[in-house]
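Student: Could you take one part of this and look at it closely with me? I'd like one connected explanation that I can follow while I turn the picture around.

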Amino acid sequence: MKTALATAVLAAAAITAASAQSGSPTLAKVKSEGYLKCGVSDGLAGFSNPDAQGNWTGLDVDICRAVAAAIFDNPDAVRYTSTTAKERFTALQSGEFDLLSRNTTLTMQRDVALGLEFTGISYYDGQGFIVKTDSGVASVNDLNGATVCTQSGTTTELNVADYFASHGMQYQILTFEKESEALTAYDSGRCDAYTTDQSGLYAAKLELADANAHLVLPELISKEPLGPAVRQGDDRWEDLVRWTLYAMINAEELGVTSQNIDEQLNSQNPEIRRLLGIEGDFGEQLGLTKDWAVRIIRKVGNYGEVFEKNVGTGSPLQIARGKNALWTNGGLQYAPPIR
Amino acid sequence: MSGQDDVAARLPPPGVAFWGDPRLRGFVFQAIVLALVVWLFWTMASNAGDALKRSGQATGWSFLWNTAGFDIGFKLIDYTARDRHIDVLVVGLLNTLMIAGLGIVLATVLGFVVGIARLSPNWLVSRMAAAYVEFVRNVPLLLWILFFYLALIPILPPVKQAISLGDTLFLTNRGLYMPKLHWTEGAIWIVVALASAIVLWVATTVWARRRQTATGRRPPDLLIGLALVIALPVAAFFATGAPVSLEFPELKGFNFQGGLAILPELVALLFALTIYTAAYIGEIVRSGIEGVSKGQSEAASALGLSRGQRLRLVVIPQAMRIIIPPLTSQYLNLTKNSSLAAAIAFPDLVHVFAGTSLNQTGQALEILAITAAIYLTISLTVSGFMNLYNYATRLKER
């Protein structure tokens, strides 16, 4: 009896010790440093853009802040590293930062061949075109024979070539190294249209001389699912980042916002109770605290709030929810249940 | 005997151990340094190979035969998005060679003019040439390229309000559109006729020079040559039933279709490269002319030669020996500077192959190695030709 009890106690201790040691090394490192290191873009309005005081704002930035809030209860415990499209993946692989939140499209080659893991889709985007309103063009299919400006070295050129070839249309392409040069050429009349991700078009419209003289065409010619990415090899860290985004989407679905979070703590809805950590220990399974989602929602907001503040009705971009609406509203944002 | 002296010279002095022999020491040290250098390069290469394997990135040359998937805005051969990366390389290379070739010719002409103008006794001309040189060469080339491009586009009218010359030539901010020659069957004879006319012109010049040496009177070889170059191709044109037709540009929708288009990117790049390199060439020409001893010019004037004849017949031929080596450097500079075309969307080799192809395939090492090798080949060829010319014009002493 005594030996059986002793064996059972020892086994339990061993299992507890083992599970404690199988935590995420990245999370341990982040906790010991006291801040999260996040890779963002070199300035894209609405997604990651430094304001006049040098503070980073945007949808991608808010995902970093949400992860920091979940870990430290402080959304400002983040160091941002600005990256260009060329160096973003090598910087993540080499450990310069632990989370890449930089309007990066999830493609097979990137997921499979670059040693990265994508942790969900924060923005369903597609490639679009912007034209001058007085050119009379209302759809992409009117652009036969046009001159198109774009940035070099991204998937944009490939998508344009594929689309125009498959629809039997001709075009002339001009590829510039920098977005500002491409926009200048388009604005001055050298090109008939400028093409990039549709969210980038709304941002570009703000930079043009007369924002109202331009029209973003309605068609999207490619799928560009944008989302955060982490290094391969640390599954627990990947889970943490993935479920941070899912918590924000679930919060919007359940009607929990940063404004009503305190009342929601008294809710009797079992889904809300599980989300906010009143029931269950999902936070601890991630290596965080029970109120991990409360921290996120209170300090940063749910997905809808973050969307509207950065790229929606509360921002100069004025992008409609469209495909980024919740699945219950006809969109594609669908988070697995927290149970 | 001399054989024994040679053998004695090769042996170390008597009484000195073998490690005291300076020739042996030199040999050993050179061998060690060579081994170190070889080991260094081998370590770097194998390190790079290991790192690439570990990070899981693709290596190898097979990407050259994959579909490129993107279009190019200016191409001298047929190319579509379904062609391969190796075709991208060829298109970029042809564009670079075209820019380099045109740039070298134009810059040389302008450079010689500027250099000679700076030495003119006319005060205004020489001061203007000096101001041109000092101003142009002290502004970075990239700024010149951007300036000409950004200044050119707003000046030119949009497509709908194109300036047209008799409805055949159109000037817009998308380019200069002109009629294109449309070759059909039998057009090869015109090319053959032109080639033979040029050969005959050269022969005429040689014959005229001989007549001048023999009799002192020179037949009008220039006129004869021009007449040949014009008459023979025209005769061939009519003889083969006019196989060449003109394709006129027409405004269809957004752009002009058909005809030959000269893009503003090309013009801006060529213009900037030409004036920038010409400023340097002008200084080289001036230094070459000033390097010819004054006695030559004085003797030429004493013989009654005018200033122009003095320059053309006496000074410049001698100055060429001083001019050619630095001129070669400027040609190579121009060729490599053409890679700045990326700033204004002109698809040269670096922009389209070491830029777009590199980003799409991710194989930086291979692509950059190929591009560097190509520039190296072009540069070695150009300097090889120039050195040949230098060798041919060296002072031959008897």
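Tutor: Let's start inside a strand: A:N103 sits in β5 of chain A, which covers residues 99–105. Keep in mind that this is a predicted model. The backbone at A:N103 has a phi near 35°, which is a positive value in a residue other than glycine. Is A:N103 buried or exposed? With 25 other C-beta atoms within 10 Å, A:N103 counts as buried, because the cut-off for that word is 20 or more.

Now zoom out a little to see where that strand belongs. The domain assignment of chain A gives domain 1 as 23–124 + 225–329, and domain 2 as 127–222. The C-alpha centres of these two domains of chain A lie 30 Å apart. Where they meet, 11 residues of domain 1 of chain A are in contact with seven residues of domain 2 of chain A. On the domain 1 side of that contact, nine residues are nonpolar and two are polar, with no charged ones.

Next, some strands of chain A that pair with one another. Take β10(A), residues 171–176: six of its six residues are buried, so this strand is largely enclosed by the rest of the structure. In a regular strand, side chains alternate between the two faces of the sheet. You can follow the two sets in β10(A): A:Y171, A:I173 and A:T175 point one way, while A:Q172, A:L174 and A:F176 point the other way, and all of them are buried.

What does β10(A) pair with? One partner is β9(A), and the two run parallel, joined by six bridges. To find one of the pairs on your screen, look for A:T150, whose bridge partner in β10(A) is A:T175.

From β9(A), residues 146–151, you can step across to β11(A): this pairing is in the parallel sense too, over two bridges. Here A:C149 has A:Y194 of β11(A) as its bridge partner. Then β11(A) pairs with β8(A), residues 127–132, through five bridges, and these two strands run antiparallel. One pair to look for is A:V131 with A:A193 of β11(A). How many residues of β11(A), which spans 193–197, are buried? Five of the five are, so β11(A) is largely enclosed by the rest of the structure.

Now for the helices of chain A. Helix α9(A) has 20 residues, and at 1.5 Å a residue it should span 28 Å; its end C-alpha atoms are 27 Å apart, which agrees. If you wonder about the 28 Å, the expected span is 1.5 Å times one less than the number of residues. Of those 20 residues, 16 are buried, so α9(A) is largely enclosed by the rest of the structure. Just after α9(A) comes A:G255, with a positive phi of about 80°.

Helix α9(A) also helps to cover another helix, α13(A). That helix runs over residues 292–299 and is mostly covered, with six of its eight residues buried. The buried ones are A:W292, A:A293, A:V294, A:R295, A:I296 and A:I297. What covers them includes α3, α9, α10, α11 and α12 of chain A. Just after α13(A), the glycine A:G301 takes a positive phi of about 125°.

Finally, look at where chain A touches chain B. The contact takes 24 residues from chain A and 25 residues from chain B. On the chain B side, the elements giving two or more residues are α5, β7 and α11 of chain B. The largest share there, four residues, comes from α11(B). By class, that side of chain B has 10 nonpolar, 12 polar and three charged residues.

Follow α11(B) back along its chain and you get a companion to the residue we began with. In the loop between α10 and α11 of chain B sits B:A345, which has a positive phi of about 65° although it is not a glycine. B:A345 has 26 other C-beta atoms within 10 Å, so it is buried.

Note on methods. Residues are numbered from 1 along each chain as its sequence is written. Chains are lettered from A and ligands numbered from 1 in the order in which they are written. This is a predicted model: local features need pLDDT of at least 70, side-chain atom pairs count only at pLDDT 80 or more; totals for chains, interfaces and linings use all residues. A residue is buried if 20 or more other C-beta atoms lie within 10 Å of its own, exposed if 12 or fewer, and partly exposed in between; C-beta atoms are placed from the backbone. Two residues are in contact if their C-beta atoms, placed from the backbone, lie within 7 Å. Domain bounds come from an automatic or database domain assignment. Ala, Val, Leu, Ile, Met, Phe, Trp, Tyr, Cys and Pro count as nonpolar, Asp, Glu, Lys and Arg as charged, and the others, Gly among them, as polar. Two strands pair if DSSP finds at least two bridges between them.
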